[in-house]
Amino acid sequence: LFPGVFFDFISQAESQQFAQFQSQGNAAQINAYLAELETARMSIFKADAIRSFLFILIAGALLWLYSFNKLKSHVLIALVSVLILIDMAAVANRYLDSEDFVRKSKMTKPYQASIADQEIIKDNDPNFRVFNLAVNSFNDASTSYFHKSIGGYHGAKLRRYQELINHAILPERQMLVEAFQSETPMLEVDKTLPKLSVLNMLNTKYFILDPAQPPLQNRYALGNAWFVNSLNVVENADEEIKAVQDFNPARTAIVDKRFEEVISSLDLNDTLQYGTIRLTNYKPNKLTYLSKANEDAFAVFSEIYYSEGWNAYIDGEKAAHARVNYVLRGMRVPAGEHQIVFAFEPAVYRTGETISLISSIVLILLIIGGAYLGFKEGRIFRA
């Protein structure tokens, strides 16, 4: 009833801020604004206080009736539950109302496919990546709406991928842009594409240069996985990122020394064709490949290496894999035909699921036990 007596509705930070404005002149206008602001806030406070008082009054009346045996316990519980739901629904509606719950079919598409997008969508193999040079590539969401994108934006981007962007992807992007700006663009572009080692190992099959024109198809994109003929072991991550800026990813994989045990005793031959490996099924948390190797080989997978949860399996048996080319995955593949599976199985998720399941079972048992004891002693459902 008297909020102005007990509470302040202008914060100390606001008072200091408005005091600075007052010192610059227009003190009368600022004082009037502050008075109106304080009145509005007190009005909101009063309305909520009166509303809360009404709920308390109703709940108190129900408890009073129950205490004088005018109301059965199950009726009291039902009425108080309804009262709580009404209270919660009214407050929740301030933040999310009916307009926020719209059927998916009624949502309009946030992006319209350009001519370039439409041409790329015609490709029967969806498991490649697209690099859109017509936008700010790493602050754009439109490309990711239609395709697997080299760019895009996320606040939780891996630092290692950001380093690859800064040290390799952006320089290669500049190389391609300069080739298009040359006097003989198509000739220079054709010379430049095989030099884009990082973009090729990331399976960048299409470049969008102008949304109103068909995209540029990159025949040097290496696909989802491939066998290499040699391994370049480097001392640390600094040497690794330097090496990926100038190498042939189709023939060589760059491996940090800390993963050396994964490739121990593997003897590769630069003159052999080791066989084929291809992606047969793609899900965000599970990727399946089929390999056919003439002898023990080393495969590179065009997927980001992330040790916290990703496990590799060969014919159902868990197998070690390593980080190669600074961000990608690599693993030793035995001779013959094999199914290789990468599955995202974070231990923290399984542990959380187990704890949640046990807690839910305990809670249900407690509720059932409490209800049984109450019924047995005649304290609930009593006429």
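User: I'd like to learn how to read aromatic pairs. How many does the structure hold?

Analyst: This is a predicted model, and it holds 14 aromatic pairs. Tyr145 and Phe146 form one that is edge-to-face, with 5.0 Å from centre to centre and 85° between the planes.

User: What describes a pair of aromatic rings?

Analyst: Two things do: the distance of the centres and the angle of the planes. For Tyr145 and Phe146 the angle is 85°, and planes over 60 degrees apart count as edge-to-face.

User: Are Tyr145 and Phe146 buried or exposed?

Analyst: Tyr145 is partly exposed, at 38% relative accessible area. Phe146 is also partly exposed, at 23%. That label covers the values between under 20%, which is buried, and over 50%, which is exposed.

User: Which residues do ring pairs link into a cluster?

Analyst: Look at Phe7, Phe9 and Phe45. Phe7 sits in the loop between helix H1 (3-6) and helix H2 (12-23), and is partly exposed at 43% relative accessibility. Phe7 and Phe45 also help to make a nonpolar surface patch of about 740 Å², together with Leu1, Phe2, Val5 and Phe6.

User: Which residue lies over the face of Tyr282, and which over the face of Tyr326?

Analyst: Lys148 lies over Tyr282, at 4.6 Å from the ring centre. Over Tyr326 you will find Arg160, at 4.2 Å from the ring centre.

User: Now for salt bridges. What is the general idea, and how many does a search of the whole structure find?

Analyst: Side chains of opposite charge can pair when their charged atoms come close. The search finds 13 salt bridges here. In one of them, Arg41 and Glu14 have their closest N and O atoms 3.0 Å apart. This pair links distant parts of the chain, as Arg41 is in helix H3 (residues 27-67) and Glu14 is in helix H2, 27 residues apart.

User: Which residues are linked in a network of salt bridges?

Analyst: They are Glu240, Asp256, Arg258 and Arg323. Asp256 bridges to Arg258, with the closest N and O atoms 3.4 Å apart. Asp256 also bridges to Arg323, again with 3.4 Å between the closest N and O atoms. That second pair joins distant parts of the chain: Asp256 is in strand E6 (residues 252-256) and Arg323 is in strand E12 (residues 322-324), 67 residues apart.

User: Which of Asp256, Arg258 and Arg323 are buried, and which exposed?

Analyst: Asp256 and Arg323 are both buried, and Asp256 has a relative accessible area of 1%. Arg258 is exposed, at 56%.

Conventions: Residues numbered from 1 in each chain as written. Predicted model: local features only at pLDDT ≥ 70, side-chain atom pairs only at ≥ 80, totals over all residues. Heavy atoms only, no water. Phe/Tyr/Trp six-rings, centres within 6.5 Å; stacked < 30°, edge-to-face > 60°. Buried < 20%, exposed > 50% of the residue type's maximum accessible area, 1.4 Å probe, protein only. Lys NZ or Arg CZ within 6 Å of the ring centre and 35° of its normal. Patch = residues over 30% accessible without salt bridge, like charges linked within 9 Å, V, L, I, M, F, W, Y side chains within 5 Å. Areas by Shrake-Rupley, 256 points an atom, 1.4 Å probe, with all protein chains shown as cover. Salt bridge = Lys/Arg side-chain N within 4 Å of Asp/Glu carboxyl O. Helix = DSSP H or I, 4+ residues; strand = E, 2+ residues; numbered from the N terminus.
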